[in-house]
Amino acid sequence: MWISGISLFIPENELSFAASRSGGPGGQNVNKVSSRVTLSFDVGKSAALSEDQKKTVFKALATRINKDGILHVVSQRTRSQDMNRTDTLERF
């Protein structure tokens with residue numbers, strides 16, 4: 001995946017996706033369909049980032065990175081898992 005605005009490529013094998021049930025309105029399928037998508041990226045173990053880039057990411061996104069160094073991006077904007085996956089990638 002190319003990061004816009006800078007020359008950086010993050011291989012998709014460094015990203016993982018998990019689907020879960022979305023909260024909020026959704027009609028009949030709200031408690032049956034796993035449409036919420038969480039993208040996870042291990043900043044510390046990334047081979048695509050230099051040590052300086054990792055430090056910058058940790059500093060800039062400290063509130064979004066857990067104690068294990070995993071960055072999580074969550075989307076449940078739509079009832080479509082595919083659209084939410086696309087949304088997480090765009091936000092990433």
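**Exercise 1. Work out which strands help cover the buried residues of helix H2 in this predicted model.**

Start with the helix itself: H2 spans residues 81-91. Next, pick out its buried residues, which are Asn 84, Asp 87, Thr 88 and Leu 89. Now look at what sits over them: the cover includes strand S3 (15-20), strand S4 (36-42) and strand S5 (70-75). One general point helps when you look at a helix like this. An α-helix has 3.6 residues a turn, so residues three or four places apart point the same way.

**Exercise 2. Take Thr 38: is it buried or exposed, and what does it touch?**

First, place the residue: Thr 38 belongs to strand S4. Then check its relative accessibility, which comes out at 14%. The cut-off for buried is under 20%, so Thr 38 counts as buried. Finally, list its partners, skipping neighbours within four places in sequence: Thr 38 contacts Ser 16, Phe 17 and Ala 18, along with His 72, Val 73 and Val 74.

**Exercise 3. Put together an overview of the protein chain, from its element order to its surface.**

Count the elements to begin with: there are 2 helices and 5 strands. Reading from the N terminus, they go β-β-β-β-α-β-α. Move on to burial: the protein chain has 92 residues, and 29% of them count as buried. For contacts, take those between residues at least 6 apart in sequence; 53% of these join residues at least 24 apart. Last comes the surface: the protein chain exposes about 6300 Å², with carbon and sulfur atoms supplying 50% of it.

Terms used: Residues numbered from 1 in each chain as written. Predicted model: local features only at pLDDT ≥ 70, side-chain atom pairs only at ≥ 80, totals over all residues. Heavy atoms only, no water. Helix = DSSP H or I, 4+ residues; strand = E, 2+ residues; numbered from the N terminus. Buried < 20%, exposed > 50% of the residue type's maximum accessible area, 1.4 Å probe, protein only. Contact = heavy atoms within 4.5 Å. Areas by Shrake-Rupley, 256 points an atom, 1.4 Å probe, with all protein chains shown as cover.
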